[in-house]
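Here is a short dialogue on how to read the computed features of a protein model. Please keep the sequence and the structure in view while going through it.

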Amino acid sequence: MSLPRDIRAFLSHYHGQADDPQASDNLLFYQNRLRCQPDDCLISEIHESWRKDYNQLEYNHGYIQWLFPIRENGMNFEAQALQPHEVAAMKEDSDVIERIKTSYELMLDFYGMCLLNFETGLIGRSEGYRARYRNFLQAPHNNLRVTRILKCLSEMGLEHLNSGFLLHVLNEQSEHKQLNTSLLRDSMDRWWANCLRNKADREWIGLTIKKARNGEIFSREKYEASLQRRKESGSLAEPQLECTDA
């Protein structure tokens with residue numbers, strides 16, 4: 001099956017798309033110097049006031065483009081597409097990266113998850129996850145939000161978090177039959193699993209998903225081991241044993 005057009009653009013690093021050096025709204029917002037629109041909030045105010053405000057996070061459709069800017073335009077015409085010069089500046093600003101991490105944790109909680117280890121990307125269930133998982137399945141526009149979140153994390157040099165998210169969802173589907181509707185699986189298999197510019201990680205996760213779809217159990221033990229392996233060796237895949245002559 002061919003990749004969706006937006007995924008092909010993402011994997012090509014948006015080849016041919018020019019930078020606009022005058023456009024810096026995303027950088028300024030994440031530096032806490034510009035209010036997002038139409039909500040008129042600083043990033044610090046969203047982080048302080050919106051956590052666990054699930055109605056706000058569900059029914060407000062303007063904030064997600066600000067919290068997770070990508071190189072594509074969204075439905076909020078008061079938000080700006082991410083520019084390459086912003087990416088470079090944001091990745092070098094430790095305060096910005098910490099705020100992106102907090103934005104990710106805000107949305108994970110909304111989806112019924114929590115970040116257990118930032119270094120590996122390991123995720124667990126949050127308190128009250130059942131209601132949040134149910135909402136996730138009943139509101140499929142969140143599938144589009146997840147695609148945006150994963151693309152943004154990749155842009156910001158935090159792509160290891162994508163693997164943690166994807167493999168957590170796969171474990172829930174495979175071992176616990178959670179988050180397992182056909183619509184969510186389609187979003188995961190065609191979009192989310194391809195929001196990885198690291199080809200080796202993308203191929204390994206794609207193969208692991210295929211095995212799970214064919215009935216092989218992707219256990220919590222396998223999930224945690226794969227992330228730890230990547231932390232230690234730089235690869236999700238198990239090392240291949242070398243054959244030697246006797």
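The turns below go from the whole chain to a single residue.

Q: What kind of model is this, and how are its residues numbered?
A: This is a predicted model, in which local features need pLDDT of at least 70 and side-chain atom pairs count only at pLDDT 80 or more, while totals for chains, interfaces and linings use all residues. Residues are numbered from 1 along each chain as its sequence is written, and side-chain values use heavy atoms, with hydrogens and water left out.

Q: How many helices and strands are there in the chain?
A: Helices (H or I, at least four residues) and strands (E, at least two) are DSSP runs, numbered from the N terminus; the chain has 13 helices and two strands.

Q: Which share of the chain counts as buried?
A: Buried means under 20% relative accessible area, exposed over 50%, and partly exposed in between, with a 1.4 Å probe and protein chains only. Of the 246 residues of the chain, 50% count as buried.

Q: What share of the contacts in the chain between residues at least 6 apart in sequence join residues at least 24 apart?
A: A contact means heavy atoms within 4.5 Å, and of the contacts between residues at least 6 apart in sequence, 67% join residues at least 24 apart.

Q: Where does Thr-208 lie, and why does Thr-208 count as buried?
A: Thr-208 is part of helix α12, which covers residues 199-213, and Thr-208 counts as buried because its relative accessibility is 11%. When neighbours within four places in sequence are left aside, Thr-208 is in contact with Leu-170 and Phe-218.
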